[in-house]
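This report guides a first-year reader through selected features of one protein structure. Please keep the sequence and the three-dimensional view at hand while reading.

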Amino acid sequence: MSDRSGTRRSARNEMASRLTLAVLLAAAVPSFAEDAADLILRNGRFYPVAAPGAVEGSLAVREGRIVYLGADAGAAALAGPATEIVDLAGRTVTPGFIDAHSHLLSLGAALAQVDLVGTSSYEEVIARVRQAAAALPAGTWVQGRGWDQNDWPDRAFPVHAPLSRAVPEHPVWIGRIDGHAALVNARAMRALGIDRTIGDPSGGRFLRDADGEPTGVLVDAAMGVVAGRIPAPEPDEVRRRILEAAEHCLARGLTTVTEMGLGGGAVAAYRRLQQDGELPIRTAVFLANDPALLASWFAGGPLVTDDRRLSVRGVKLVADGALGSRGAALIEPYSDDPGNLGLLILGGDAIEAVCRDALAAGFQVGIHAIGDRGALVTLDGIERCFGGPRPEARFRLEHAQVMRLADIERMARLGVIASVQPTHATSDMPWAGDRVGERRLAGAYAWRKIAAAGGVLALGSDFPVESADPRLGLYAAVTRQDLEGRPAGGWLPGERLDREEALRGFTLDAAHSLFLDDEVGSLEVGKRADLVVFDRDIMAVPAAEIPRVGIDMTLVDGRTAFRQETTP
Ligand SMILES: [Zn+2]
């Protein structure tokens, strides 16, 4: 399943020499070498998604595409001398998972951070930072987070000097566990202009020693004063982060991810990776709402590469804030903050204008709307742009967390896809009811009602806000419980999805939401062979076991993109 180029010609020669035999064994051996598969996965249980249930037998791949799915006997006829045959020993295969709303480069940035959670002394923090710095060229920023001086022997705030001595050549910025303070070293202080003359902003402080020199600890608003001076990562670093994040995703069974709201520089990094043939995971890009960026893309039209590894055909808008911080725009005040209606970031007219331009240029639009007013205003803008149902435009409402029931119906009627994240529901369930109250919960994270209205659910994670692991999304979708099984029976259990619906949301319907369903998202003859081999049947194990089902292999275009080391 590794690179198979070059095998076909030798296969043809060998087949020609066997022509006589082939005629005699016409039923068992293909008549032409072109018919031989590159790969056959036999003795497996395949969930095609396009049709309900499972197929016991074999799946064959030629030139990256599925050419057969059915009984083992039928696949045997596709075996040629160069065909790689893998006996799955009854293991389960699904289409590769697709995350309909994610941030791959941000995941790469998060993975590049030095993890300082659980450090028990300042020395340990310094040792971890020093080790990370050693792997990077001098002058490269080293960032990390998670230290907590309350876990150290003397619970005083650290001072930069020991860190600066241990790591003199790299600027260092490491955040405290709660995000309300950061420690920087001497090299970073020089780069950021932090010296004894710097003033404290309102709502923040640069801690100082007895002589008035900054100690390197920045508290609250002081971080914001200087954080913008940290330079954007170099192109090499961007590339490294994309590749690292892609590897992380492939190991979790994802074969397609999204970049929701990407700027021009990052788009260029993706284009270079794709052109070099090095983009390991399918990536669908939604452009950020930057007028100059959109104008240039709208003039040139969408990008969909022949190999379908990269598409740039979406625009991401943000209509409101988030529910946890009470920034989501509500029609009536927050139940736990009377007088607060949240924050509307874009009005209906602005949304309508971008939607019109995007539609005319062949782009889809995904609009972040978390509160019911955010969704109302967004659907108003889309409806004026559409003038009626336009399911073929595949516009999307991102998050769709709190909606009036009438807007759930309207979303479905207009053909607007609900791009939702099951793990957001299980992260938010402890306090979502406080924010919106009992009555509005009827339209909150209301997947069942969306499906019943005829809406399409494209599932995702919003990683790195949540884990990228689609097994956790599948589990949250079918249980609406946390990983400890709380609450018993699930939160608002009437909105749970069944397992086939959840799998479809993470595969075929996510592909639909990205205009990729003609190529991936199901196990069907003619589609690209993006698939996952699990060590147990993720569709049949008890729901509590879903997060722990192992991933043995992930294939993209019929090639191994991830393989569990312990797999025989
Ligand atoms: Zn997001």
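The sections below describe a predicted model, beginning with its metal site.

## The zinc site

Three protein residues act as donors to the zinc ion: His101 and His103, each through its NE2 atom, and Asp462 through OD. These donors lie 2.1 to 2.2 Å from the zinc ion. Along the chain, the donors follow the spacing H-x1-H-x358-D.

His103 and Asp462 are 359 residues apart, and the pair links distant parts of the chain. His103 belongs to the loop between β6 (97-98) and α4 (104-112). Asp462 belongs to the loop between β20 (457-459) and α18 (470-479). Both His103 and Asp462 are buried.

## Helix α18 and its surroundings

How many of the ten residues of α18 are buried? The count is nine, and the helix is therefore described as mostly covered, since a residue is called buried when its relative accessible area is under 20%. The buried residues are Pro470, Arg471, Gly473, Leu474, Tyr475, Ala476, Ala477, Val478 and Thr479. They pack against several other elements, namely the strands β6, β13 (254-262) and β22 (551-556), and the helices α15 (422-428), α17 (447-452) and α19 (499-505).

Both ends of α18 deserve attention. At the N-terminal end, Asp469 caps the helix, with a side-chain oxygen 2.9 Å from the backbone nitrogen of Arg471. After the helix comes Arg480, which has a positive phi, near 50°.

## Two crossing helices

Two packed helices are described by the angle between their axes and the distance between the axes. For α4 and α9 (residues 235-250), the axes come within 8 Å and cross at roughly 95°. The two helices are therefore roughly perpendicular to each other, because an angle from 65 to 115 degrees is placed in that class.

Which residues of α4 meet α9? They are Leu104, Leu105, Leu107, Gly108, Ala109, Leu111 and Ala112. On the α9 side, the contact is made by Glu237, Val238, Arg240, Arg241, Ile242, Glu244, Ala245, Ala246, His248 and Cys249. The residues of this contact divide into eleven nonpolar, two polar and four charged.

## Buried and exposed positions

Is Thr256 buried or exposed? Thr256, which lies in strand β13, has a relative accessible area of 1% and is therefore buried. With its neighbours within four places in sequence left aside, Thr256 is in contact with Phe97, Ile98, Asp99, Ile281, Arg282, Leu514, Leu516, Val520 and Asp530.

Pro48 is found in the loop between β1 (39-46) and β2 (55-62). Its relative accessible area is 7%, so Pro48 is also buried. Apart from neighbours within four places in sequence, the contacts of Pro48 are Gly53, Ala54, Val55, Leu69, Pro95, Ser522 and Leu523. Pro48 and Arg504 are separated by 456 residues in sequence, while their C-alpha atoms are 9.6 Å apart in space. Ala452, in helix α17, has 67% relative accessibility and therefore counts as exposed. From C-alpha to C-alpha, Ala452 and Asp99 are 22 Å apart, with their positions 353 residues apart in sequence.

## Backbone details

Most residues other than glycine have a negative phi, and most peptide bonds are trans. Where does this model contain cis peptide bonds? One is the bond from Phe463 to Pro464, with omega near 10°; Pro464 lies in the loop between β20 and α18. Another joins Arg486 and Pro487, with omega about -10°. Pro487 is in the loop between α18 and α19.

A positive phi occurs at Asp220, near 45°, although this residue is not a glycine. Asp220 is part of strand β12 (residues 214-220), and its relative accessibility of 32% makes it partly exposed. Tyr445 also has a positive phi, of about 50°. Tyr445 is located in the loop between α16 (432-441) and α17, and its relative accessible area is 2%, so Tyr445 is buried.

Terms used
Residues numbered from 1 in each chain as written. Predicted model: local features only at pLDDT ≥ 70, side-chain atom pairs only at ≥ 80, totals over all residues. Heavy atoms only, no water. Donors = N, O, S within 2.8 Å, 3.2 Å for Na, K, Ca; no water. Helix = DSSP H or I, 4+ residues; strand = E, 2+ residues; numbered from the N terminus. Buried < 20%, exposed > 50% of the residue type's maximum accessible area, 1.4 Å probe, protein only. Contact = heavy atoms within 4.5 Å. Polar contact = N/O pair within 3.5 Å; in protein donor to acceptor, adjacent residues only side chain to side chain. Axes fitted to C-alpha atoms, helices over the stretch in contact; angles between N-to-C directions. Parallel < 35°, antiparallel > 145°, perpendicular 65-115°, else oblique. Nonpolar A, V, L, I, M, F, W, Y, C, P; charged D, E, K, R; others polar.
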